[in-house]
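Thanks for sharing this one with me. Here is the entry I have been reading, with a few comments to go alongside it.

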Amino acid sequence: MSLDPTTAYNQGVQAAVDASSAARSLGLAAPTIIYSDMEGYHTGTPACKTAVLEYEHGWLNQMKLYEGRAAGIYGSSSGTEMQSFATGPNPPDDIWFAEWNCSDSQPCVSVWNTSFIQPTSWATQPPYGRVHQFANWPCLDQVNHSDCVLFNGTWREIDQNCAWGLVAGKGWGQDPAFPNCPGAHP
């Protein structure tokens, strides 16, 4: 995307138009949610951060106001600075954050175990929700590994997620693969 804020905003608008059109061609009609994938960027560089915020502002406005869809943002909880999207004029309906923060005292299967997103942001649904991508496992045991799928003759990894928000084709609610994913704020 451009570092020019106006150009970045317009690029976000065009990306939303393109994504919505592609979703329709796949049979995913509005209001099905679409997430903008904003990978980590130079959050400490003001011009870069401004461009990213404007891009996402364009994406969110177009998706929600003109395409009639729920709009989310995917990215690393820290490297994408997900919290910065909570205070914009038109915040995302949901966030889908990646954070590999597992330990004996910090279980992965939760949408709340992050120190980078405030507990009150995207805390109730509807309208707001969270999805936490917490693991990426190699497909070593394709037959018994529930996180792998066979696609065109090749085994593909599927990242593990704890969902308490919108996902295409599912709607609101828990991911049945992870029945212990907490739905209420701790």
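The points below take up one helix and then one loop residue.

1. Please keep in mind throughout that this is a predicted model.

2. Let's begin with helix α1, which runs over residues 5-25. Its 21 residues, at 1.5 Å each, should span 30 Å, and the C-alpha atoms at the two ends are indeed 30 Å apart, so expectation and model agree.

3. Which residues of α1 are buried? They are Ala8, Gly12, Val13, Ala16, Ser20 and Ala23. Because these residues cover an arc of only 145 degrees around the axis, they sit on the same side of α1. The general background is familiar: an α-helix has 3.6 residues a turn, so residues three or four places apart point the same way.

4. What covers this buried side? Strand β1 (34-37) and helix α2 (46-66) are among the elements that cover the buried residues of α1. Thr6 and Ser25, by contrast, are exposed on the other side of the helix.

5. You may also like to look just past the end of α1, where Gly27 adopts a positive phi of about 85 degrees.

6. My last comment concerns Ser121, found in the loop that links β3 (94-98) and β4 (129-135). Is this loop residue buried or exposed? Ser121 has a relative accessibility of 9%, which is under the 20% cut-off, so it counts as buried.

7. As for its surroundings, Ser121 contacts Gln83, Ala86 and Arg130, leaving aside neighbours within four places in sequence. With Gln83 there is a polar contact between the two side chains, at 2.9 Å.

Terms used
Residues numbered from 1 in each chain as written. Predicted model: local features only at pLDDT ≥ 70, side-chain atom pairs only at ≥ 80, totals over all residues. Heavy atoms only, no water. Helix = DSSP H or I, 4+ residues; strand = E, 2+ residues; numbered from the N terminus. Expected span 1.5 Å × (residues − 1). Buried < 20%, exposed > 50% of the residue type's maximum accessible area, 1.4 Å probe, protein only. Arc of directions from axis to C-beta. Contact = heavy atoms within 4.5 Å. Polar contact = N/O pair within 3.5 Å; in protein donor to acceptor, adjacent residues only side chain to side chain.
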